[in-house]
Amino acid sequence: SKGVDLVAQRPSGARITWREATDEVAEAEAVADRVAALRASGTPASRMAVLLRINAQSERFEEALAARGLPYVVRGAARFFDRPEVRQAITLVRGAARSGEAAGPVPEAVVAVLSQMGHSTEPPEGRGEVRNRWESLQALVDLAADFGRERPEAGVGDFVDDLDRRASEQHAPVADAVTLATIHSAKGLEWDAVFVAGMHDKMMPISQAQTPAEVEEERRLLYVAMTRARAELRVSWATAREPGGRSTRGSSPFLAPLLDGVPGVSGQRRERTRRNRAAMHCRECGKALSTSVEK
């Protein structure tokens with residue numbers, strides 16, 4: 001649909017990379033390999049992101065990144081200082097500072113206090129909430145280390161004051177880690193390299209989108225995802241869920257006009273994507289939910 005006219009502020013960059021994987025494991029492995037290569041060439045992990053339509057898609061990518069020793073953080077909707085584990089940790093550190101139990105250098109004192117919550121500086125093998133909790137507490141450990149270097153004469157009470165200031169300003173710590181996030185939570189953010197993954201039919205647009213307005217909102221979401229990249233954008237999807245599974249998926253119908261002649265995208269699956277796109281009609285009124293491929 002016609003919107004505002006956008007004028008580029010930077011010169012043209014690299015072409016978008018489209019990748020069709022045989023299954024979700026292969027898709028995640030390819031993303032992790034590229035992340036590793038970019039990090040080895042000097043791109044900080046914190047300047048890369050994997051964007052997904054829903055949170056449930058992140059597990060494959062967590063496994064692939066962890067297998068390569070690549071740091072990552074799952075970005076959720078909750079603000080950093082509002083997370084239960086962060087609030088509990090700050091309460092414990094504040095109590096230790098007031099009681100005088102937290103003596104000595106700030107980094108060591110904070111590590112000692114957080115160990116009461118079962119925190120270890122080594123990441124856990126688990127994923128999901130276990131990993132998210134560890135990332136939150138480790139971010140506080142890293143903040144304490146930075147604070148100790150910048151203000152070696154300061155005490156734990158001063159560190160708590162600094163945390164209070166950050167919380168009031170919502171100045172959350174930034175981890176040197178690859179961001180895994182839903183497209184919704186990526187609004188307003190940018191990274192040097194972005195991997196928009198899991199873009200198969202029935203996921204983008206998501207199957208619950210049935211009316212014209214809902215499908216258009218999905219299209220806007222895809223636009224948001226693809227415009228988060230400053231320098232490199234890679235869009236991928238898997239034709240099967242599991243290794244060895246039937247290749248029954250096509251790419252997102254929104255991508256159909258962009259994929260003609262793209263190497264590595266099979267003509268058969270491209271035609272299926274065209275048919276899916278042509279078949280998108282509202283179940284309520286029968287109105288077509290997208291314009292034709294030719295347009």
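Visitor: Which residue does Asp33 meet in a salt bridge?

Guide: Arg68. This is a predicted model, and in it the two side chains come to 2.8 Å, N to O.

Visitor: Where do those two sit along the chain?

Guide: In distant parts of it, 35 residues apart. Asp33 is in helix H1, residues 24–40. Arg68 is in the loop between helix H2 (58–67) and strand S3 (72–74).

Visitor: Is Asp33 buried or exposed?

Guide: Partly exposed, because its relative accessibility is 42%, and buried would need under 20%. Arg68 is partly exposed as well, with a relative accessible area of 28%.

Visitor: Why would two side chains like that pair up at all?

Guide: Side chains of opposite charge can pair when their charged atoms come close.

Visitor: OK, how many salt bridges are there by this rule?

Guide: The count comes to 19. Some join up into a network, which links Glu24, Arg60, Arg241, Glu242 and Arg249.

Visitor: What about Arg219, which partner does that one have?

Guide: Glu216, at 3.1 Å, N to O. Both lie in helix H7, three residues apart, which is about one turn of the helix.

Visitor: And how accessible is Arg219?

Guide: Arg219 has 24% relative accessibility, so it counts as partly exposed. Glu216 gets that label too, at 23%.

Visitor: Which residue forms a salt bridge with Glu232?

Guide: That would be Arg234, and the closest N and O atoms are 2.7 Å apart.

Visitor: Is Glu232 buried or exposed?

Guide: Glu232 counts as buried because its relative accessibility is 15%, which falls under the 20% cut-off. Arg234 is at 26%, so that one is partly exposed.

Visitor: Switching topic. Which residues make the nonpolar surface patch?

Guide: Val4, Leu6 and Tyr223 make a patch of about 360 Å². Tyr223 is in helix H7, residues 212–226, the helix that also holds Arg219 and Glu216.

Visitor: How accessible is Tyr223?

Guide: It has 46% relative accessibility, so it counts as partly exposed.

Visitor: Now the helix packing. At what angle do H3 and H5 pack?

Guide: About 35°, with their axes 9 Å apart. H3 covers residues 84–99, and H5 covers residues 129–150.

Visitor: Is the crossing left-handed or right-handed?

Guide: Right-handed, as H3 passes H5.

Visitor: Which residues make the contact?

Guide: From H3 you have Glu85, Val86 and Ala89. H5 brings Asn132, Arg133, Ser136, Leu137 and Leu140.

Visitor: Let's zoom out. How many helices and strands does the protein have?

Guide: Eight helices and six strands. Along the sequence, the pattern reads β-α-β-α-β-α-α-α-α-β-β-α-β-α.

Visitor: How much of the protein is buried?

Guide: Buried residues make up 44% of the 295 residues.

Visitor: And the accessible surface, what does that come to?

Guide: About 15,800 Å², and 49% of that belongs to carbon and sulfur atoms.

Visitor: Last one. Of the contacts with a separation of 6 or more, what share comes from residues 24 or more positions apart?

Guide: They account for 72%. The Asp33 and Arg68 salt bridge we started with links positions 35 residues apart.

Key
Residues numbered from 1 in each chain as written. Predicted model: local features only at pLDDT ≥ 70, side-chain atom pairs only at ≥ 80, totals over all residues. Heavy atoms only, no water. Patch = residues over 30% accessible without salt bridge, like charges linked within 9 Å, V, L, I, M, F, W, Y side chains within 5 Å. Areas by Shrake-Rupley, 256 points an atom, 1.4 Å probe, with all protein chains shown as cover. Salt bridge = Lys/Arg side-chain N within 4 Å of Asp/Glu carboxyl O. Helix = DSSP H or I, 4+ residues; strand = E, 2+ residues; numbered from the N terminus. Buried < 20%, exposed > 50% of the residue type's maximum accessible area, 1.4 Å probe, protein only. Axes fitted to C-alpha atoms, helices over the stretch in contact; angles between N-to-C directions. Left-handed = near helix turned anticlockwise from the far one by under 90°. Contact = heavy atoms within 4.5 Å.
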